[in-house]
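Open the model in your viewer and keep the sequence panel beside it. Each stop below says what to select and what to look for.

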Amino acid sequence: NQVLCKLANKNNITLLYDVQAIKRLDQSALETRLGRIQQNIGLCQKYKVKIAFSAVVSKPEEMLNPYDLLAFGTVLGLSPGEAKRAVSFIL
């Protein structure tokens, strides 16, 4: 919510999404989760909270192409520049 976004911005906290965890969801849970992510991204944009995307994997073959992460970010409502920052963000 907006209160948490204001606190995250004030304390320089980044919202991190693990794309691999999202990929493992079943269809009904995926739809709900993506809708909530879109809402959170809108709030983060409004309150200038940093967003990052990662793919936490246990095997090299599970790694995702950075361009897939960029596309994921733009589909969820980030501008291309915001998506690039979200993928290239180093914690």
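Select Ile51 first. Setting aside its neighbours within four places in sequence, Ile51 is in contact with Thr14, Leu15, Tyr17, Ile41, Cys44, Leu78 and Ala86. Bear in mind that this is a predicted model.

Now widen the selection to the core. The largest nonpolar core has 19 residues, and Ile41, Ile51, Phe53 and Leu78 are those with the most contacts inside it. At least two residues of this core come from each of H1, helix H2 (19-23), H3, S2, H4 and H5. In soluble globular proteins, nonpolar side chains tend to be buried together.

Go next to helix H5, residues 80-88. Which residues of this helix are buried? Select Ala83, Ala86 and Val87: these are the buried residues of H5. Turn the view until you look down the axis of H5; its buried residues fall within an arc of 95°, so they line one face of the helix. Strand S2 (50-54) and helix H4 (66-75) are what the buried residues of H5 pack against. Lys84 and Arg85 are exposed, on the face of H5 turned away from its buried side.

Move on to H4. Here Leu69, Phe72 and Gly73 are buried. They cover an arc of only 95° around the axis, which puts them on the same side of H4. Show H2, H3, S2 and H5 as well, since the buried residues of H4 pack against them. Then select Tyr67 and Val75, which are exposed on the other side of H4.

Helix H2 is the next stop, with two residues to pick. The first pick is Ile22, found in helix H2. Is Ile22 buried or exposed? Its relative accessibility is 5%, under the 20% limit, so Ile22 counts as buried. Not counting residues up to four places away in sequence, Ile22 touches Leu30, Leu34, Ile37 and Phe72. Phe72 is one of the buried residues of H4. To get a sense of distance, add Cys5: Ile22 and Cys5 are 17 residues apart in sequence and 22 Å apart in space, C-alpha to C-alpha.

The other pick is Gln20, also found in helix H2. At 6% relative accessibility, Gln20 counts as buried. Leaving out residues up to four places away in sequence, Gln20 touches Ser54, Ala55, Val56, Val57, Glu62 and Leu64.

Turn now to the surface. Select Val3, Leu4 and Leu7, which form a nonpolar patch there, with about 280 Å² of accessible area together. Val3 lies in helix H1, residues 2-10.

Finish with two loop residues and their backbone angles. Most residues other than glycine have a negative phi. Select Asn12, in the loop between H1 and strand S1 (14-18). What is the phi of Asn12? The value is near 55°, which is positive in a residue other than glycine. Asn12 has 53% relative accessibility and counts as exposed, the cut-off being over 50%.

The last selection is Lys48, in the loop between helix H3 (27-46) and S2. Lys48 is not a glycine, yet it has a positive phi of about 55°. With a relative accessibility of 64%, Lys48 counts as exposed.

Key
Residues numbered from 1 in each chain as written. Predicted model: local features only at pLDDT ≥ 70, side-chain atom pairs only at ≥ 80, totals over all residues. Heavy atoms only, no water. Buried < 20%, exposed > 50% of the residue type's maximum accessible area, 1.4 Å probe, protein only. Helix = DSSP H or I, 4+ residues; strand = E, 2+ residues; numbered from the N terminus. Arc of directions from axis to C-beta. Contact = heavy atoms within 4.5 Å. Patch = residues over 30% accessible without salt bridge, like charges linked within 9 Å, V, L, I, M, F, W, Y side chains within 5 Å. Areas by Shrake-Rupley, 256 points an atom, 1.4 Å probe, with all protein chains shown as cover. Salt bridge = Lys/Arg side-chain N within 4 Å of Asp/Glu carboxyl O. Core = buried A, V, L, I, M, F, W, Y, C linked by side-chain atoms within 4.5 Å.
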